[in-house]
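Good morning, and thank you for coming. I would like to walk you through one protein chain and its ligand.

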Amino acid sequence: MKNILIGVSGGIAAYKSANIISMLKKKGYNVKVIMTKNATNIISPLTLETLSRNRVYVDMWDEKPHYEVEHISLSDWADLVLIAPATYNIVGKIANGIADDMLTTVISATEKPTFFALAMNVKMYENPILKENIEKLKKYGYKFIEADEGLLACNYVAKGRLKDEKEIVDEIERFFLYSEIENYSNLLSGKKVLVSSGRTREDIDPVRYVTNNSSGKMGYSLAQAAVDLGADVTLVSGPTELKEPSSLKKFIRVNSAEQMYQEINREFKDTDIFISCAAVADYKPKEYHNEKIKKAEGNLIIEFVRNKDILFEMGQIKEKQFLVGFAAETNDIKENALKKLRKKNLDMIVANSAFNMSSNENAIEIIKKDETSQEFSQKSKQELAYEILKVVANEINNKNKNNK
Ligand code: CTP
């Protein structure tokens, strides 16, 4: 498992580093911690030592005599360095070549990927000096996790709050995943990828609707992975709580299946690869009630009518486009998926269990047009996204070779 070196600098968010360390440990990473002296006023080294199950480093000079140069051995040990929280001060120091304590010395001495998770007062966050320092550090390959908006310690509601700990951990994990597939980073360059994701929502009246369990995690992971692999990505998303993936070409939010159809249909012509990951409602209420339906004696019967099958429609009009469908099944997964592959004129279908719709992990079977298939055991949806796109890219290359 990977080694992560956490740097904790002296912002009020330093207490949140405890959560980050605990999450990383639970996931099996090895964690060592360096704190600045100021950080120790906010959270005790003992807490972080207990959570990381390793000695916490603060002072360069409180060492007993030993034979290793600690700042070198720590940076050799680390696969990645994460400074969380990273204050205005620490960014400024590193950007200006200052190494006057253990943390800044280690950061200056390391060649390992280094992330700064920013957190500070909003005025400091907006200070052009910080912006210049960040730009300078980015040029040297340092990475930044932007702060969120929220209630700050200084009582402002503004940008400057440390990003949610889980999102920071996700970003680090995504980086590891991505580095493993770095060789593939141009795999989809120049390709226009359209992804549909999440559930749809079919309104009954102003306060009621019909929907399903889909979280959108698979579609969002696919969109993000396609961006990482160099594609121009348009994501059409049904309702979800997930954050928009970074660096999309276009992000379109919809509610109903009909709206999703309109958007997909508009984008489709200019698409090379369409991945239909959305759990589109097959039916919608026949009538929408403009006023809230009042309860009455007896049962309520709502008539449902069919929605368009978006993927089927695209299969009918496809020219150059490579179509990937998903089949979420509760039973006879492969047989049902095969039927959908044929009926919807797809190039590939990803068969999976409908019970995994809202979870973070999934196991899938990818079935290609020639009906050969490949199984992928339980993995995170992020990892699966890369696997799926690798197969897609491979198929497109083979298709192009055969057409030459
Ligand atoms: N799909 C779609 N439009 C619909 C229904 C499904 O585009 N109205 C797409 C999904 O995005 C997915 C594939 O078709 O890629 C299969 O969806 P799924 O819900 O598994 O199957 P259905 O075709 O709806 O069939 P059934 O519900 O009977 O299993």
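I shall begin with the whole chain, continue with its strands and helices, and finish at the ligand.

Please note at the outset that this is a predicted model. The chain has 404 residues, and 50% of them count as buried. Its C-alpha atoms fill a box of roughly 75 × 65 × 40 Å, taken along the principal axes. Along the chain there are 13 helices and 20 strands. The accessible surface comes to about 20700 Å², and carbon and sulfur atoms account for 47% of that area. Let us also consider the contacts between residues with a separation of 6 or more: 66% of these join residues 24 or more positions apart.

Let me turn to the first sheet. In general, the strands of a sheet pair through backbone hydrogen bonds, either parallel or antiparallel. Here we have an open sheet of six strands, in the order E3-E2-E1-E4-E5-E6, and the pairing is parallel. Which strands stand at the edges? They are E3 and E6, the latter covering 143–145; each has a single partner strand, so one side of each is left without a neighbour in the sheet.

Please look now at strand E2, residues 30–35. Five of its six residues are buried, so the rest of the structure largely encloses this strand. On one side, E2 runs parallel to strand E1, residues 3–8, and six bridges join the two. As an example, leucine 5 stands opposite lysine 32 in E2. The path from E1 to E2 includes helix H1, residues 17–26, and the three elements make a right-handed β-α-β unit.

E2 also pairs with strand E3, residues 56–57, again in the parallel sense, through two bridges. In this pair, valine 33 stands opposite valine 56. A right-handed β-α-β unit is formed here too, from E2, helix H2 and E3.

Helix H2 spans residues 45–52, and both of its ends deserve a moment. At the start, a side-chain oxygen of serine 44 comes to within 2.9 Å of the backbone nitrogen of leucine 46. Just after the helix, arginine 53 takes a positive phi of about 55 degrees.

We move further along the chain, to serine 197 in strand E9, residues 192–197. Is this serine buried or exposed? With a relative accessible area of 0%, serine 197 is buried, because the cut-off for that term is under 20%. A polar atom of the serine 197 side chain lies 3.2 Å from the backbone oxygen of glycine 216. Leaving aside residues up to four places away in sequence, serine 197 touches several others, including Tyr220, Leu235, Met260, Cys277 and Ala278.

Next comes strand E18, residues 348–353, where six of the six residues are buried. Which residues point which way from E18? Met348, Val350 and Asn352 point one way, while Ile349, Ala351 and Ser353 point the other way, and all of them are buried.

E18 has a parallel partner in strand E17, residues 322–329, with six bridges between them. Within that pair, glutamate 329 stands opposite serine 353. Together with helix H12, residues 333–343, E17 and E18 make a right-handed β-α-β unit. E18 also pairs with strand E19, residues 361–368, but in the antiparallel sense and over five bridges. There, the bridge partner of valine 350 is isoleucine 366.

Finally, we come to the ligand. How many residues surround it? There are 15, and the closest are Ser276, Ala278, Phe326, Lys340 and Lys344. Two of these names should sound familiar: Ala278 is among the residues that serine 197 touches, and position 326 falls within the residues of E17, 322–329.

Let us take the polar atoms in turn. A nitrogen atom of the ligand is 3.0 Å from a polar backbone atom of isoleucine 310. A polar side-chain atom of aspartate 309 lies 3.4 Å from a nitrogen atom of the ligand. For phenylalanine 326, a backbone N or O atom lies 2.8 Å from an oxygen atom of the ligand. On its own, the ligand has 570 Å² of accessible area, and the protein covers 77% of it.

That brings me to the end of the tour, and I thank you for your attention.

How values were computed
Residues numbered from 1 in each chain as written. Predicted model: local features only at pLDDT ≥ 70, side-chain atom pairs only at ≥ 80, totals over all residues. Heavy atoms only, no water. Buried < 20%, exposed > 50% of the residue type's maximum accessible area, 1.4 Å probe, protein only. Helix = DSSP H or I, 4+ residues; strand = E, 2+ residues; numbered from the N terminus. Pairing = 2+ DSSP bridges. Right-handed = clockwise from strand over helix to strand, strands pointing away. Near = heavy atom within 4 Å. Polar contact = N/O pair within 3.5 Å; in protein donor to acceptor, adjacent residues only side chain to side chain. Areas by Shrake-Rupley, 256 points an atom, 1.4 Å probe, with all protein chains shown as cover. Contact = heavy atoms within 4.5 Å.
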